[in-house]
Amino acid sequence: MNDFFVNLSHEVYVFLLAAVPLIELRGAIPLGIGLGMSPWESYWVSVAGSTLPAPFLILFFRKILEFMEEKNIFKWFTDFLNNHIYKKSKKLKAANILGIYVFVAIPLPSTGAYTGSALASILNIRMKYALPAIFFGNMTAGFIMMMLSHAIML
């Protein structure tokens, strides 16, 4: 198993890290630049990695959460998610698409593609509207992180 990880390229590490909840591109871009990737290469690989889970979350998040609540699976987790997401969804309900974009575009903890996708799912925003908002929000957050990471590395 260790040989598998040794043979992975920097791009694959960055892509996979960007797809991890909570870390997403906010952690993947600095890693890529630190590993010697160009800032733009790190940016695009991270945007792709962090956007990849979005359509699946938009389609299935609410259904999975409802199933977990119904079966009383990980009650502490579903309660936490409900409280966390419903608090944020109340603020975004009026803004919808623009709200999702701005929410994802701000590169702060818990404001990435995962939470934005979950909000879109809970707010019943259609995929054709939610996915572009999340993608462009990811691009904006990624650009901010790329500029900050590149400036720090100089």
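Where is the place of asparagine 72? Asparagine 72 lies in the loop between H5 and helix H6 (75–92), and its phi is near 60°, a positive value in a residue other than glycine. At 52% relative accessibility, asparagine 72 counts as exposed, because the cut-off for that class is over 50%.

**Overall architecture and confidence**

The model is a predicted one, with a mean pLDDT of 86 for the protein and with 87% of its residues reaching 70 or more. Confidence is lowest in helix H1 (residues 2–6), where the mean is 56, and highest in helix H4 (residues 39–51), where it is 96. The secondary structure consists of nine helices and zero strands, and the pattern along the sequence reads α-α-α-α-α-α-α-α-α. Of the 154 residues of the protein, 42% count as buried. Among contacts in the protein with a separation of 6 or more, 69% are accounted for by residues 24 or more positions apart.

**Two helix pairs**

Two packed helices are described by the angle between their axes and the distance between the axes. For helix H2 (residues 10–18) and H4, the axes are 7 Å apart and the packing angle is about 40°; H2 and H4 are therefore oblique to each other, and their crossing is right-handed. On the H2 side this contact is made by Glu11, Val14, Phe15 and Ala18, and on the H4 side by Glu41, Ser42, Val45, Ser46, Ala48, Gly49 and Ser50. By class, the contact of H2 with H4 has five nonpolar, four polar and two charged residues.

The axes of helix H7 (residues 97–105) and helix H8 (residues 113–122) come within 8 Å and cross at roughly 160°, which makes H7 roughly antiparallel to H8. H7 passes H8 in a right-handed crossing. Here Ile100, Phe103 and Val104 of H7 meet Ala113, Thr115, Gly116, Leu119 and Ala120 of H8, and the residues of this contact divide into six nonpolar, two polar and no charged.

**Helix H3 and the positive phi values**

In helix H3 (residues 24–34), the buried residues include Glu24, Leu25, Arg26 and Ala28, together with Ile29, Gly32 and Ile33. An α-helix has 3.6 residues a turn, so residues three or four places apart point the same way. Just after H3, glycine 36 takes a positive phi of about 100°.

Most residues other than glycine have a negative phi. Leucine 22, like asparagine 72, has a positive value in a residue other than glycine. Leucine 22 is placed in the loop between H2 and H3 and is exposed, with a relative accessible area of 73%. The positive phi values are set out below.

| Residue | Phi | Place |
|---|---|---|
| Leucine 22 | near 75° | loop between H2 and H3 |
| Glycine 36 | about 100° | just after H3 |
| Asparagine 72 | near 60° | loop between H5 and helix H6 |

**Proline 55**

Proline 55 is placed in helix H5 (residues 54–70), and with a relative accessible area of 21% it is partly exposed, since the buried class requires a value under 20%. When residues up to four places away in sequence are not counted, proline 55 touches Met127 and Leu131. Proline 55 and isoleucine 134 are 79 residues apart in sequence, while their C-alpha atoms are 9.6 Å apart in space.

Technical notes:
Residues numbered from 1 in each chain as written. Predicted model: local features only at pLDDT ≥ 70, side-chain atom pairs only at ≥ 80, totals over all residues. Heavy atoms only, no water. Axes fitted to C-alpha atoms, helices over the stretch in contact; angles between N-to-C directions. Helix = DSSP H or I, 4+ residues; strand = E, 2+ residues; numbered from the N terminus. Parallel < 35°, antiparallel > 145°, perpendicular 65-115°, else oblique. Left-handed = near helix turned anticlockwise from the far one by under 90°. Contact = heavy atoms within 4.5 Å. Nonpolar A, V, L, I, M, F, W, Y, C, P; charged D, E, K, R; others polar. pLDDT = per-residue confidence, 0-100. Buried < 20%, exposed > 50% of the residue type's maximum accessible area, 1.4 Å probe, protein only.
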